[in-house]
Amino acid sequence: MSTVQRTIRFTLNGEAVAADVPTHWNVVELLQNRFGLFGARESCGQGLCGCCTVLVNGNAVSGCLYLAAFVHGAEVTTIEHGAAGRELDAVQQAFIEAGAFQCGFCTPGFVLMTRQLLDEKPDPTEDDIRHYLSGNLCRCAAYPEIVAAVKLAAQKRRAGQGR
Amino acid sequence: MTPFELLEPRTLREAAALLASGDATVRPFAGGTAVMLMMKMGVLRPTRLVSLRAVEKQYSGIGAGADGALRIGAMATLSALERSPVIRNEAPVIARTLRTLSNVRVRNVATVGGHLAHADPHMDLPPVLIALGASVTTVDAAGGRTIPLEKLYSGYLETSLGRGELIAEVSVPRQAPRRAAYLKCTTRSADDWPALGVAVVLDTLRETEGAAVREARIVISAATDTPTRLAKAEAVLRGARVDDAVLQRAGDAAASEASVIGDAHGSAAYKRELLRVYLARAVRAALAGEG
Amino acid sequence: MRAEEKRGAVGRSIPRLEGRAKVTGRAEYVHNLRLPGMLYGKIARSTIAHGRIKRIDVAAAQAVEGVHRVVTGADIRALIPDPHYGPAFHDQPILALDKVRYAGEPVAVVLASDPHVAEEAAGLVDVQYEALPAVYDEVEAMTSKAIVHEVLKPAGTFPDLKHFQGRKNTNVALDFRLRRGDAEAALKKADRVFEHTFRTQQVLHVPLEPFVSAAEPGDGTLTIHTASQSPSFVRTEIARLLEWPESKVRVKVPYLGGGFGAKLYIKLEALVAALALLVRRPVKISLTMEEQFYTLTKHAATLRIKSGVAKDGRVTARLCEVWWNGGAYADIGPRITQKSGFTAPGPYDIEHVHIDSYALYTNLPPAGALRGFGIPQLVWAYEGHTDMIARELKMDPVEFRRKNILRDGRPQATGTVMQDAAIDKVLERVAARMDWGKPFDRGSGTVRRGRGVVIGFKAVIAPTTSVAIVNLYADGSCALYCSTVDMGQGSDTAMAQIVAEILGIPIESITVVHPDTEVTPYDMATLGSRSTYHMGNAVRRAAEDARDKLLALAREVGVSVETTPIAEVFRRKYGMQAGNIIGSGSFIPTYMPMDHDTGQTANATPFWMVGATGAEVEVDTETGRVRVTRLVNVADVGTPINPAIVESQLSGAAIMQLGFTMSEKMEFSAGQCTNASLAQYKIPGLLDVPEGMENEAVDAEQKGGPFGAKGVGETGTFGVSPAIANAIDDAVGVRLTSLPLTAEAVYRALRAKQGNPLKD
């Protein structure tokens with residue numbers, strides 16, 4: 001194998017996987033080109049919009065700025081985790097009920113970031129929500145609905161509905 | 001982006017050796033948030049990246065020494081710093097600064113060493129750490145050295161680090177009993193790069209009516225090419241009891257001594273006015289314990 | 001219909017049908033599309049604003065390992081002899097031919113299987129230019145010696161644009177004039193005359209899914225997968241360029257990751273079509289965020305407005321002059337110049353009105369439709385002007401508006417009599433929500449507070465056509481075929497609600513088939529807030545047609561649909577679960593073209609949209625920083641089909657316009673955009689959203705609209721900018737007449753007011 005190509009092994013949405021990748025690929029390219037996962041998508045290309053959000057070892061990162069080679073040995077979670085045929089979690093359910101999206105392009109990033117926020121702070125204030133999600137952009141500007149959805153999701157989690 | 005060779009040395013010293021060749025197309029890569037942006041824009045086209053991710057774990061540590069000084073490994077992520085109880089207790093101004101530094105995902109990946117070595121004057125931590133009196137310890141083929149952080153910066157995106165010289169650790173004197181604040185001003189959206197950052201660290205005598213300043217360190221960023229200490233403004237505050245007149249004089253001194261640069265965030269003239277206002281507000285915030 | 005199935009779908013806030021797909025990341029976008037053997041195209045762009053192409057050297061690019069082919073304008077011309085497109089003028093080449101007209105214009109494309117390779121090689125395309133003088137300012141363009149287009153070629157595609165007459169050796173693509181009464185004479189007689197000039201800046205749509213299109217050649221056919229708001233137009237235009245029958249061009253559109261007017265007409269579609277035919281392989285081009293800045297923008301404009309006012313505060317005459325900066329290609333700018341231009345005097349009852357509205361070519365990236373279609377620029381001028389007059393007259397700004405607003409039954413500037421435009425109600429509701437008559441906390445020290453109220457209106461574009469098909473299946477479920485594009489506005493859900501209401505079936509049993517020109521019928525486009533009314537009516541008719549056929553079938557088999565499930569009706573007829581009922585409907589409203597010289601018509605539009613905004617601000621007098629603390633949006637949207645989605649549209653539009661008001665601006669140096677990234681071009685994030693966001697759809701009904709509804713997508717944008725500027729004036733007594741309202745602009749105005757201007 002050439003020096004600009006390598007084989008990586010990692011856990012993707014709970015499953016052990018391997019892939020050959022060029023060193024200059026980012027995680028979005030890895031997910032799209034090798035695994036057909038399109039929920040993380042490159043938009044601004046600068047880590048500012050959050051459309052490419054994925055979790056690496058439980059931490060949210062911008063997939064467009066994260067080299068694919070570096071997920072070797074890591075646990076990668078995407079929006080598609082558990083989506084097929086299973087119940088939606090409290091955050092996803094809250095986003096639907098609160099109408100917290102329009103075009104949907106940024107939505108996976110907001111959902112993943114909201115899960116992170118609620119894991120860290122189960123009962124966030126409005127200020128916590130605004131700061132934590134300030135690095136995700138929604139051009140349709142469903143922002144008031146998103147804040148409402150985060151609060152609703154927190155309630156649902158506390159009430160034991162969903163993860 | 002174009003293909004490159006990716007190396008992952010196990011020790012910092014080995015990494016420094018790989019970078020010492022003098023080949024400008026060989027670059028270090030820590031969290032990589034800035035390097036990735038430069039590669040995507042095509043302004044950086046490395047043949048070889050030397051990743052620091054696999055170096056010794058000690059360089060990711062955060063702790064306090066016997067003297068209370070904080071020791072922060074260069075590979076510690078900004079979010080590790082943000083969440084660290086040691087930081088929150090010993091240097092709360094750092095924890096507060098991190099809350100509005102870029103965004104959660106960047107903080108999860110970007111490292112303290114990369115943040116400092118990138119030398120982009122819009123970064124938030126350099127003015128805060130310089131104001132606190134931080135120094136950095138480096139590693140290179142010859143061993144390494146310790147330099148005050150304010151001596152690290154030599155120009156826009158330029159440092160005094162030699163080729164093959166890497167930041168290993170940052171040492172920060174504990175904040176208490178000094179009072180500190182960092183204020184930044186964004187002029188477009190809230191998540192914009194700042195037009196101005198002002199860090200203030202004050203050593204004060206607490207008295208019944210108001211506070212007298214024994215020692216002041218004032219560092220500004222974003223409006224200047226490099227994080228800049230404002231000696232004249234510090235001199236105005238030194239020994240003074242803070243009131244409107246003193247703050248006005250400090251602001252005037254700051255506006256006259258800083259080499260403020262105009263850009264898309266505001267003209268130089270406007271940023272000088274911001275400097276007067278934010279300097280006073282930062283001093284008041286520090287005294288009020290809001291920093 | 002059976003009683004238990006009659007749930008009344010219309011008027012309920014039903015969650016969006018595609019919610020699950022969107023929150024699980026599985027919604028379909030062109031972005032996701034991969035085709036076997038597909039090549040990626042990367043565009044090499046002009047580095048200068050205006051110049052003749054002397055030579056294009058592609059050798060270095062072609063030599064990069066992995067490059068399949070490098071294509072230039074000459075290659076395109078070999079395939080398509082006249083490769084120019086555009087909805088108003090056929091002025092835009094698929095790739096630059098003899099000259100370039102803006103920095104960022106596509107000059108060549110590199111095709112490769114690996115997009116990184118294509119990008120690398122695109123940077124190696126070497127183009128030599130002979131620079132020509134350039135013009136950037138819309139007012140200078142009126143008289144500039146720099147001519148962007150030597151010859152103008154009207155397209156003649158749309159009936160409302162057919163009369164466009166280009167001129168030679170001018171940058172004026174269109175001059176629209178309206179004359180009602182004698183404004184010049186009335187101004188002479190007026191007690192007071194006021195004149196102000198306003199500017200707006202060039203801004204960008206920034207859909208988070210950047211432009212993306214793919215083309216797939218077949219055997220004498222071509223399939224285009226594209227993130228487009230106008231699939232029907234794409235098919236017509238590509239068929240015209242190729243001289244093929246429309247039946248050989250298929251255009252498919254899944255969900256869009258935002259559109260806002262950017263993804264209309266032809267953007268990348270002609271380019272991928274030509275490339276795919278040249279190389280006989282599928283070709284996909286996905287633009288980067290940066291490249292969106294070189295594709296389509298919103299018009300910067302200069303607006304001069306002059307009013308004569310009587311002693312009692314009645315506006316008696318108004319002159320409006322508007323210069324629209326269209327950039328290098330007309331796109332749909334001429335329609336903005338006319339269709340929005342005729343509302344330039346505002347929603348006021350003024351006897352004497354003259355309007356001159358000019359579409360100008362300049363050497364900047366092209367401008368087109370952006371959520372509001374020129375209206376926010378016009379409202380920025382006339383509502384600033386209105387407040388400035390009220391202030392001078394020492395009249396309450398709401399009272400001054402009350403005295404002058406256009407009421408139903410009165411003629412608008414075109415002579416069209418207003419109907420179903422709740423201008424008075426919308427004004428009263430925004431004033432009530434703002435507690436306008438009550439004392440207001442004006443702040444103290446370095447933080448001063450102020451408030452402003454404005455009102456704006458828009459006429460929907462006419463005449464346009466929508467067609468829909470409802471296919472009722474034998475089990476009682478159904479599919480709706482329509483070419484309305486759901487780009488986030490919730491049209492799939494609203495249209496399904498109409499079908500569910502009429503057929504009395506559960507909304508979950510309805511599938512909305514996404515635009516596919518081989519399957520779904522014609523629709524003019526998803527633009528200008530036209531879909532709810534036009535497509536809504538077509539869908540209503542299609543559903544009614546299906547219902548009538550179902551009733552006839554039930555009669556034929558001797559049952560009543562009140563008591564018999566739909567599936568049973570089919571079984572009785574076909575002996576098993578088989579067959580279909582196809583209902584179809586089409587809709588085109590009436591319209592009367594404007595008189596060319598006076599702009600007068602008895603029927604300018606099928607409906608009016610009315611929106612008012614109230615803003616409260618805090619101004620930091622030491623820095624000029626403005627914090628919008630409250631933003632109230634009130635609108636006449638007729639009777640909402642889905643109230644929650646309507647509210648979301650109002651709110652989202654207002655926040656988008658908040659960005660255009662406070663922070664967004666494309667910066668240029670010698671015609672080159674210098675802030676083409678989201679790091680440097682700042683759109684609103686969560687921390688920029690006012691804490692007090694309120695939205696209200698007033699109680700109203702649009703006659704002729706489906707269930708009394710009309711469009712809403714743009715209404716929230718109308719008044720945001722002037723409401724904030726008026727509030728700043730109210731707070732600190734300075735008036736800004738250019739956007740955006742930056743802290744520095746406010747600060748400089750404050751210093752100037754103190755007689756101590758900031759020196760650079």
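The following conversation between a trainee and a mentor sets values computed from a predicted model against the definitions behind them.

Trainee: What should be settled about the model before its values are read?

Mentor: This is a predicted model, in which local features need pLDDT of at least 70 and side-chain atom pairs count only at pLDDT 80 or more, whereas totals for chains, interfaces and linings use all residues. Residues are numbered from 1 along each chain as its sequence is written, and chains are lettered from A and ligands numbered from 1 in the order in which they are written.

Trainee: Why is chain A called as compact as a globular protein of its length?

Mentor: The radius of gyration is taken over C-alpha atoms, and the globule rule is 2.2 Å times the number of residues to the power 0.38. For 163 residues that rule gives 15 Å, and the radius of gyration of chain A, 16 Å, is close to it, so chain A is as compact as a globular protein of that length. Along its principal axes, the C-alpha trace of chain A spans about 50 × 30 × 25 Å.

Trainee: What makes up the secondary structure of chain A?

Mentor: Helices (H or I, at least four residues) and strands (E, at least two) are DSSP runs, numbered from the N terminus. By that definition chain A has 5 helices and 5 strands, and along the sequence they follow the pattern β-β-α-β-β-β-α-α-α-α.

Trainee: How do you know which domains chain A has, and what is the distance between their centres?

Mentor: Domain bounds come from an automatic or database domain assignment, which for chain A gives domain 1 (5-77) and domain 2 (90-158). The centres of these two domains of chain A, taken over C-alpha atoms, are separated by 22 Å.

Trainee: What makes two residues count as being in contact, and how many residues of each domain of chain A are involved?

Mentor: Two residues are in contact if their C-beta atoms, placed from the backbone, lie within 7 Å. On that criterion, 11 residues of domain 1 of chain A are in contact with 10 residues of domain 2 of chain A. The side of domain 1 of chain A that touches domain 2 of chain A has 6 nonpolar, 4 polar and 1 charged residues, where Ala, Val, Leu, Ile, Met, Phe, Trp, Tyr, Cys and Pro count as nonpolar, Asp, Glu, Lys and Arg as charged, and the others, Gly among them, as polar.

Trainee: Why are α11(C) and α12(C) called roughly perpendicular?

Mentor: Axes are lines fitted to C-alpha atoms, for helices over the stretch in contact, and angles run from 0 to 180 degrees between N-to-C directions. Angles under 35 degrees count as roughly parallel, over 145 as roughly antiparallel, 65 to 115 as roughly perpendicular and the rest as oblique. The axes of α11 (residues 375-392) and α12 (residues 397-404) of chain C come within 9 Å and cross at roughly 110°, and α11(C) and α12(C) are therefore roughly perpendicular to each other.

Trainee: Which residues make the contact of α11(C) with α12(C)?

Mentor: α11(C) contributes Thr386(C), Asp387(C), Ile389(C) and Ala390(C), while α12(C) contributes Pro397(C), Phe400(C) and Arg401(C). By class, this contact has 4 nonpolar, 1 polar and 2 charged residues.

Trainee: Where do cis peptide bonds occur in chains B and C?

Mentor: In chain B, a cis peptide bond joins Ala176(B) and Pro177(B), with omega about 5°, and Pro177(B) lies in the loop between β10 (166-172) and β11 (179-185) of chain B. In chain C, a cis peptide bond joins Leu739(C) and Pro740(C), with omega about -5°, and Pro740(C) is found in the loop between α18 (720-732) and α19 (743-753) of chain C.
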